[in-house]
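Hi everyone, thanks for making the time. I'll put the structure up first, and then we'll walk through a few parts of it together.

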Amino acid sequence: MTLYGRYLLAQVARPMVTAILIALIALLAERTLRVIDLVVGWRGSLFVVFEMLGYLIPHYMGLALPIAFFLGILLTFSRLSREGELAAIHASGVGLPQLLRPILGAALALALTVALLVSVIQPYARYAYRAATYALTNATFTTLLQNGLFTTLGDTTYMVERISEDKAAMAGVFLHQGGQERDSVTITAATGQALRDGPTRPIVLRLQDGLQQLVPAALRADEPPPVVVARFGEFETTLANPDEGFRPRGEDERELTLLELWLARADPPPHIDPWEIEAELSGRLVRILTLPILPLMAIPLAIDRVRGQRSYGIVLGLAILIAFHQILQLGEALADNNKIPVWLGLWVPFAAFVALAGAMFLRAARRVPDPRLGIWLDRQFDRLGRLLPRRRLAAGGG
């Protein structure tokens with residue numbers, strides 16, 4: 001890599017990392033309040049809050065990476081153009097196509113990162129978040145236990161003489177599980193703790209100093225079953241609500257990996273329509289392919305402001321990127337509901353974006369920026385700024 005390439009990548013990386021951190025904090029801030037309210041309402045721990053927020057980071061990283069990369073290019077080339085460094089680079093015989101190469105290499109690397117996020121990490125993280133939400137909002141025996149009261153969930157009956165406020169420590173534990181055609185198990189223990197390794201994992205009861213009684217189902221009606229009684233010092237069991245297991249992954253197309261979506265085109269899973277598979281698959285592919293196109297638009301918008309006081313290109317570039325994202329979301333939603341074909345909702349806007357970015361870069365690479373437009377825009381904004389206070393004073397005096 002050339003010296004210019006290393007310099008440009010270092011300059012782009014600084015605002016990009018800052019933008020990613022700011023975007024993640026902003027995107028997670030509102031969702032954090034919901035997660036805390038959910039976890040506290042169902043008596044979850046602080047660890048569950050961080051674990052659930054961790055499941056959201058891949059989704060928000062997929063949104064933040066393209067915007068941060070685009071903004072990093074805009075800010076870097078705008079500064080280089082404004083401070084005259086870009087003119088010096090051009091004077092040394094290096095044009096925009098040569099400067100584009102390292103940026104394009106970084107864009108391809110980021111495209112692979114986004115591909116990994118949207119193809120594998122996001123589907124599993126989305127499923128884990130939904131499973132954690134289900135586990136919190138569906139009652140388990142710990143949320144229903146009260147001191148000295150019998151509680152029955154499924155075929156299991158519980159009773160605890162004393163239980164702590166956080167539903168973790170217990171004293172005087174009684175458990176009974178059994179049915180008409182299955183073995184009957186009764187457990188008593190002096191003390192116990194309710195433990196959960198993660199929000200999607202079943203609750204484990206760790207009991208101390210107790211007895212376990214097993215009554216097998218009768219082989220013949222006229223023969224009483226043998227009874228087995230065992231004493232234990234410490235015992236672990238997952239006797240809990242048998243209906244609290246979450247559904248398997250893949251009942252929603254957003255939980256399928258990119259490879260699974262590709263294979264499901266000919267044979268969609270139950271409860272998923274073929275057009276939903278096509279919309280989800282095309283939506284992910286379009287977002288991956290968009291990343292290498294971003295430098296073609298960001299660089300012209302940044303360097304077209306020679307001798308100008310304001311960087312209109314940054315505002316215009318972010319507006320175009322946000323509008324493009326909204327158009328993709330709308331097209332994907334319409335295609336997902338079978339209102340329009342996938343190629344019209346997603347691939348036509350993508351082709352238009354590629355054509356616009358390519359035309360802008362070719363125009364910037366083949367001509368010298370005209371400073372007169374930027375100077376004229378600055379004068380118009382300055383004139384507007386001088387008129388606004390006068391109008392306010394005139395309105396106040398009237």
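Let me start with a question: does F174 count as buried, partly exposed or exposed? At 24% relative accessibility, F174 counts as partly exposed. For that label, buried means under 20% relative accessible area, exposed means over 50%, and partly exposed is in between, with a 1.4 Å probe and protein chains only.

Before going on, a word on what you're looking at: this is a predicted model, where local features need pLDDT of at least 70, side-chain atom pairs count only at pLDDT 80 or more, and totals for chains, interfaces and linings use all residues. Residues are numbered from 1 along each chain as its sequence is written, and side-chain values use heavy atoms, with hydrogens and water left out.

Okay, the overview. The chain has 11 helices and six strands; these are DSSP runs numbered from the N terminus, H or I with at least four residues for helices, E with at least two for strands. There are 398 residues, and 42% of them count as buried. Now contacts, meaning heavy atoms within 4.5 Å. Taking those between residues at least 6 apart in sequence, 64% join residues at least 24 apart. The accessible surface is about 21,900 Å², and 62% of that belongs to carbon and sulfur atoms; the areas come from the Shrake-Rupley method with a 1.4 Å probe, and for residues only the protein chains shown count as cover.

Back to F174 and the aromatic rings. The count comes to four aromatic pairs. The rule takes rings of Phe, Tyr and Trp (its six-membered ring) with centres within 6.5 Å, and calls planes under 30 degrees apart stacked, over 60 edge-to-face and the rest tilted. One of the pairs is F150 with F174, which is edge-to-face, at 6.0 Å centre to centre and 80° between the planes. F150 sits in strand 1 (residues 150-153) and F174 in strand 3 (residues 169-179), so this pair ties together parts 24 residues apart in sequence. F150 counts as exposed, at 58% relative accessibility.

And the pair of F232 and F235? Their ring centres are 5.2 Å apart and their planes are at 40°, so that pair is tilted. F232 is buried at 10% relative accessible area, while F235 counts as partly exposed at 22%.

F232 also brings us to L211, which is in strand 5 (residues 204-215). The two are 21 residues apart along the chain, with their C-alpha atoms separated by 6.1 Å. Leaving out residues up to four places away in sequence, L211 touches T186, I187, T188, A230, R231 and F232. D209 is in strand 5 too, and its phi is near 55°, a positive value in a residue other than glycine.

Next up, Y124, over in helix 4 (residues 96-137). Together with L116, V120 and I121, Y124 makes a nonpolar surface patch of about 340 Å². Patches take residues with over 30% relative accessible area and no salt bridge, joining like charges within 9 Å and nonpolar side chains (Val, Leu, Ile, Met, Phe, Trp, Tyr) within 5 Å. Y124 itself is partly exposed, at 43%.

What lies over the face of Y124? That's R249, at 4.3 Å from the ring centre. The rule here wants NZ of Lys or CZ of Arg within 6 Å of the ring centre and within 35 degrees of the ring normal. R265 does likewise over W262, at 3.6 Å from the ring centre.

R249 has another partner: it forms a salt bridge with E260, the closest N and O atoms being 3.0 Å apart. A salt bridge here is a side-chain nitrogen of Lys or Arg within 4 Å of a carboxyl oxygen of Asp or Glu, and the count comes to eight.

Helix 4 comes up again with R130, whose side chain meets E255 in a salt bridge at 2.8 Å, N to O. R130 is in helix 4 and E255 in the loop between strand 6 (228-237) and helix 6 (258-263), so the pair ties together parts 125 residues apart in sequence. E255 is buried at 0% relative accessible area, and R130 is partly exposed at 24%.

Last one: R79, E83 and E85 are linked in a network of salt bridges. Within that network, R79 and E85 have their closest N and O atoms 2.9 Å apart. That's my tour, thanks!
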